[in-house]
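Hi everyone, thanks for coming. I'd like to walk you through the cysteines today, and then a couple of backbone oddities.

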Amino acid sequence: MKIWGVLVSLLLIAISGLQAQDKGWFSSREITTVTLRTDLQVLWADRGDESSDHPAWISLPTDTGTLVVEAEVKTGGNFRKDPRNCKYPPLRVDPKGKSAKGTLFQGQGTMKLITICQDPNYVLKEYLAYRIYNLMTDSSYQVRLSKVVFEDIAGRIPAETNWALWVESEKHLAQRLDMERFEDDSVIHRPSVSASCWARVCVFQYIIGNTDWDLPLKKNVTVLSHAGICHVVPFDFDWSKWVDAAYTGLKDDPSFEHRSFRGKGLSREVVDAVLTEVVALRETLVEEVKSCKSLPSEHRKEIVEYLDVFFKSAENPKTREELFLSRCMPEP
């Protein structure tokens, strides 16, 4: 009987943990309006390499009133951090203190908040890129789209409401996947990465037309490990053809119009299996794009057409061989 009692207790703890996770910030896709209050003048000016944390307050409506959570916020990013490139830089938002306990922000860690750079449609397109990869694998950053009211506590800057994209923290990602963050600064080589994971990353980056990433340098990829095997999770897709941001300066570059598959060293069988998985998701991925009504219809149409080009290539045996399988050459 004592054993049964212990088992029941463990089951209740597990259920409680799942329920808490289900109530997290990324458990819903509802588009809500969040107010971020801080000293905006100081925050927007703090864009150096060693930017500081600034006190802030996050508030959003709930069924019972308004939830207010204390936080720390700082500017982040590289290209988008430069005021010559973007009016608003990406932010790192870390809910703090007892105010976050028991709320949907509890345990989330430092989330990335991607703000408007030049065009709100870029935020929406990048959101869809993340969502496409969510549908391809759980080993991906969870995201949530919202409107954010930026409110200056000093009253020197008028409040402004913009689209923003919340991205799961690396800490929460690792915990959710039951993996460890790869803290080693050494160069990562492809053979140390799960073959199916690597193939999925390569196919996804091909789908969105993104070349702004690198495994050995860990550029725009997070490396996690489990049982001695590395897993790669991509992020930051604003330099992809999918987003097609004018600030990249790539619109007139012919190479930007051509996708590139980086599957060298993978087996044909693994790549073929991943392509088959993704092709089976065709209707789901297309519907995900079409359902994003916040993005103007002409942009949704362009993305669907861009997806269709990939699917036609992946479904046709001749082009699947030419564009993907024939590139799976052994590494030297």
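**Cysteines and two unusual backbone angles**

Let's begin with aspartate 244, which counts as buried because its relative accessibility is 17%, and the cut-off for buried is under 20%. Do keep in mind as we go that this is a predicted model.

What is odd about the backbone of aspartate 244? Its phi is positive, about 60 degrees, although the residue is not a glycine. If you want to find it on the screen, look in the loop between strand E10 (229-234) and helix H6 (268-280).

There is another residue of this kind to show you. Lysine 218 is not a glycine either, and its phi is positive too, near 55 degrees. You'll find lysine 218 in the loop that runs between helix H5 (195-208) and strand E9 (221-226). Is lysine 218 buried or partly exposed? Partly exposed, because its relative accessible area is 24%, and buried would need a value under 20%.

Now, on to the cysteines. As a reminder for the chemists among us, a disulfide is a covalent bond between the sulfur atoms of two cysteines. How many disulfides do we count here? The answer is one.

The partners are cysteine 86 and cysteine 117, with their sulfur atoms 1.8 Å apart. The angle about the S-S bond is -70 degrees, and the link is left-handed. This pair ties together distant parts of the chain, with the two cysteines 31 residues apart. Cysteine 86 sits in the loop between strand E3 (65-75) and strand E4 (91-95), while cysteine 117 sits in the loop between strand E5 (111-114) and helix H3 (120-136).

How accessible are the two ends? Cysteine 86 is buried, at 1% relative accessibility, and cysteine 117 is buried as well, at 8%.

What about cysteine 202? It takes part in no disulfide, and the nearest cysteine sulfur, belonging to cysteine 328, is 8.9 Å away. Why do cysteine 328 and cysteine 202 not bond? Because that 8.9 Å between their sulfurs is too far for a bond; the cut-off we use is within 2.5 Å.

These two are also out of the way of the surface by our cut-off: cysteine 202 is buried, with a relative accessible area of 1%, and cysteine 328 is buried with 11%.

That's my tour. Thanks for listening, and I'm happy to go back to any of these residues on the screen.

Note on methods:
Residues are numbered from 1 along each chain as its sequence is written. This is a predicted model: local features need pLDDT of at least 70, side-chain atom pairs count only at pLDDT 80 or more; totals for chains, interfaces and linings use all residues. Side-chain values use heavy atoms; hydrogens and water are left out. Helices (H or I, at least four residues) and strands (E, at least two) are DSSP runs, numbered from the N terminus. Buried means under 20% relative accessible area, exposed over 50%, partly exposed in between (1.4 Å probe, protein chains only).
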